[in-house]
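Q: I have a new structure open and would like to walk through it with you. Could we start wherever you think best?

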Amino acid sequence: MRQDWEPEDLIEVWTLFEDDMKKVRNKSGATRLGFTLLLKFFEVEARFPESAREVPAAAVEYVAQQVKVPAGAWAAYDWQGERRRRCRSRPARCGG
């Protein structure tokens, strides 16, 4: 994924819609931000990122503002956790 994003491109690709917000309402902190970034990354790339560095910093900042979680929480997201493995294997069932 490209790393340089213009503001209008961020808005077009990384803006959360009501359906997206419904999926993240029951999450908080790093999990909320991480889940949302994985969701939007998947929409763009049709795959999940292999590491946090694949997600553009500008996208992290923009999404963090929308979900009201500090962007620094992205560093605390559990990349090895059971929920992430489950989300990667069955993205449609990852809302819980």
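A: Let us begin with helix 4, whose buried residues pack against helix 1 (7-14), helix 2 (18-24) and helix 3. Please keep in mind throughout that this is a predicted model.

Q: OK, and which residues of helix 4 are the buried ones?

A: They are A59, V60, Y62, V63, A64 and V67.

Q: Why would residues a few places apart end up pointing the same way?

A: An α-helix has 3.6 residues a turn, so residues three or four places apart point the same way.

Q: At what angle do helix 3 and helix 4 pack?

A: Helix 3, which covers residues 29-45, and helix 4, which covers residues 57-67, pack at about 125°, and their axes are 10 Å apart. The two helices are therefore oblique to each other, and their crossing is right-handed.

Q: Which residues meet there?

A: From helix 3 the residues are R32, L33, T36 and L37, and they meet A59, V60, V63, A64 and V67 of helix 4. Sorted by class, this contact of helix 3 with helix 4 has 7 nonpolar residues, 1 polar and 1 charged.

Q: Staying with helix 3, is K40 buried or exposed?

A: K40, which is found in helix 3, counts as buried, because its relative accessibility is 2% and the cut-off for buried is under 20%.

Q: What does K40 touch, then?

A: Leaving out residues up to four places away in sequence, K40 touches V13, W14, T15, L16, F17 and D20.

Q: W14 is in that list, so to change topic a little, how many aromatic pairs does the structure hold?

A: The structure holds 3 aromatic pairs. In one of them, the ring centres of W5 and W14 are 5.9 Å apart and the planes stand at 80°, so this pair is edge-to-face. Both W5 and W14 are buried.

Q: And what about W74 and Y77?

A: W74 and Y77 form an aromatic pair that is stacked, with 5.8 Å from centre to centre and 20° between the planes. W74 is buried, with a relative accessible area of 8%, and Y77 also counts as buried, at 9% relative accessibility.

Q: Let me move to the backbone. What sign does phi have in most residues?

A: Most residues other than glycine have a negative phi. Here, however, A46 has a phi near 60°, which is a positive value in a residue other than glycine.

Q: Where is A46, and is it buried or exposed?

A: A46 lies in the loop between helix 3 and helix 4, and at 62% relative accessibility A46 counts as exposed.

Q: What happens just after helix 4?

A: There K68 takes a positive phi of about 60°, and K68, too, is a residue other than glycine. K68 has its place in the loop between helix 4 and helix 5 (82-89), and at 73% relative accessibility K68 counts as exposed.

Q: One last thing, about P7: where is it found?

A: P7 is found in helix 1, and P7 is exposed, with a relative accessible area of 53%.

Q: How far is P7 from Y62, going by their C-alpha atoms?

A: The C-alpha atoms of P7 and Y62 are separated by 9.3 Å, while the two residues are 55 residues apart along the chain. Y62 is among the buried residues of helix 4, which brings us back to where we began.

Key. Residues are numbered from 1 along each chain as its sequence is written. This is a predicted model: local features need pLDDT of at least 70, side-chain atom pairs count only at pLDDT 80 or more; totals for chains, interfaces and linings use all residues. Side-chain values use heavy atoms; hydrogens and water are left out. Axes are lines fitted to C-alpha atoms, for helices over the stretch in contact, and angles run from 0 to 180 degrees between N-to-C directions. Helices (H or I, at least four residues) and strands (E, at least two) are DSSP runs, numbered from the N terminus. Angles under 35 degrees count as roughly parallel, over 145 as roughly antiparallel, 65 to 115 as roughly perpendicular and the rest as oblique. A crossing is left-handed if the near helix is turned anticlockwise from the far one by less than a right angle, and right-handed if clockwise. Contact means heavy atoms within 4.5 Å. Ala, Val, Leu, Ile, Met, Phe, Trp, Tyr, Cys and Pro count as nonpolar, Asp, Glu, Lys and Arg as charged, and the others, Gly among them, as polar. Rings of Phe, Tyr and Trp (its six-membered ring) pair if their centres lie within 6.5 Å; planes under 30 degrees apart count as stacked, over 60 as edge-to-face and the rest as tilted. Buried means under 20% relative accessible area, exposed over 50%, partly exposed in between (1.4 Å probe, protein chains only).
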